[in-house]
Amino acid sequence: MKRSAITEQEHQRVAQAIREAEASTSGEIYCVVAQRSDGYFFSSALVVILSILIISLGVAFLIEAWWLTMRLPVFVGAQLLAIALALLLIYALPDLRVRLAPRRWQYIRAHDNALKQFLGRNVHMTAECTGVLIFVSLAERYAEIIADAGIATQVPQEMWDSIVAGLIEDAGNDRLTDGFVTSIAAVGALLSEHFPVRVDDINELDDHLVEL
């Protein structure tokens with residue numbers, strides 16, 4: 001799902017899609033895309049260190065089995081050197097850190113980031129509690145829709161999941177902008193069904209894609 005920075009034209013497409021979707025509803029749609037949701041240094045470092053310790057344990061058994069000898073300071077020094085080099089490597093290669101981080105941890109961090117954006121961008125502060133966040137974190141190949149209480153209780157979770165699945169598929173095929181436009185239209189249709197636009201409706205959130 002990872003791709004280069006979104007172009008200005010793509011930002012405009014998403015902004016226009018938001019405006020069109022909100023034209024028929026009093027709800028609000030907010031979009032955020034993050035390159036990654038965490039640095040993953042400590043989680044990947046833990047994986048690397050445990051792997052080196054396990055490998056070195058296997059090497060120790062082989063040394064014993066083959067009747068070889070190695071002084072303990074040399075063995076421990078080799079372990080420390082391997083760990084130091086591995087840590088330098090993952091420090092220098094952010095993409096490698098993501099690959100080494102456990103998948104469940106990636107999802108946890110991406111979900112936490114989605115919640116942070118939902119609260120930090122005031123999507124939960126709309127007058128009728130009808131704000132909806134469409135969030136994508138590229139490095140983790142993760143997407144989520146968070147709906148405020150006003151709309152979340154009106155729409156079955158399966159419908160949100162279906163929109164997210166389409167967004168992930170589009171993003172995975174390098175059609176991130178298309179995925180956002182399609183999901184915005186789908187969310188807008190749900191919002192207009194339950195919260196049609198009012199005469200006195202005001203735009204409470206900015207109509208643009210935030211890129212982190």
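By class, three nonpolar, one polar and six charged residues make up the lining of the largest pocket, where Ala, Val, Leu, Ile, Met, Phe, Trp, Tyr, Cys and Pro count as nonpolar, Asp, Glu, Lys and Arg as charged, and the others, Gly among them, as polar. The model is predicted, so that local features need pLDDT of at least 70 and side-chain atom pairs count only at pLDDT 80 or more, while totals for chains, interfaces and linings use all residues. Residues are numbered from 1 along each chain as its sequence is written, and side-chain values use heavy atoms, with hydrogens and water left out.

**The largest pocket**

The volume of the largest pocket is about 230 Å³, a volume being the space filled by probe spheres set on grid points that are joined across faces, edges and corners. A pocket is an open set of points on a 1 Å grid over the protein atoms alone, where a 1.4 Å probe fits and protein lies on both sides within 12 Å along at least five of seven lines; lining residues have an atom within 4 Å of a point. Ten residues line the largest pocket, and D95, V98, R99, A139 and R141 are those that lie nearest its centre. Two or more lining residues come from each of the elements α4 (94-100) and α5 (103-120), with α4 giving the largest share, three residues. Helices (H or I, at least four residues) and strands (E, at least two) are DSSP runs, numbered from the N terminus.

**Residues with positive phi**

Most residues other than glycine have a negative phi. Two residues that are not glycine are set out below with their positive phi values.

| Residue | Phi | Place |
|---|---|---|
| N122 | near 65 degrees | loop between α5 and β2 (131-137) |
| R141 | about 55 degrees | loop between β2 and β3 (142-147) |

N122 is partly exposed because its relative accessibility is 42%, partly exposed being the range between buried (under 20% relative accessible area) and exposed (over 50%), with a 1.4 Å probe and protein chains only. R141, which is also among the residues nearest the centre of the largest pocket, counts as partly exposed because its relative accessibility is 46%.

**Helices α2 and α3**

L50 belongs to helix α2 (residues 41-65) and is partly exposed because its relative accessible area is 46%. In helix α3 (residues 72-92) lies A84, which counts as partly exposed because its relative accessibility is 37%. From C-alpha to C-alpha, A84 and I134 are 40 Å apart in space, and they are 50 residues apart in sequence.
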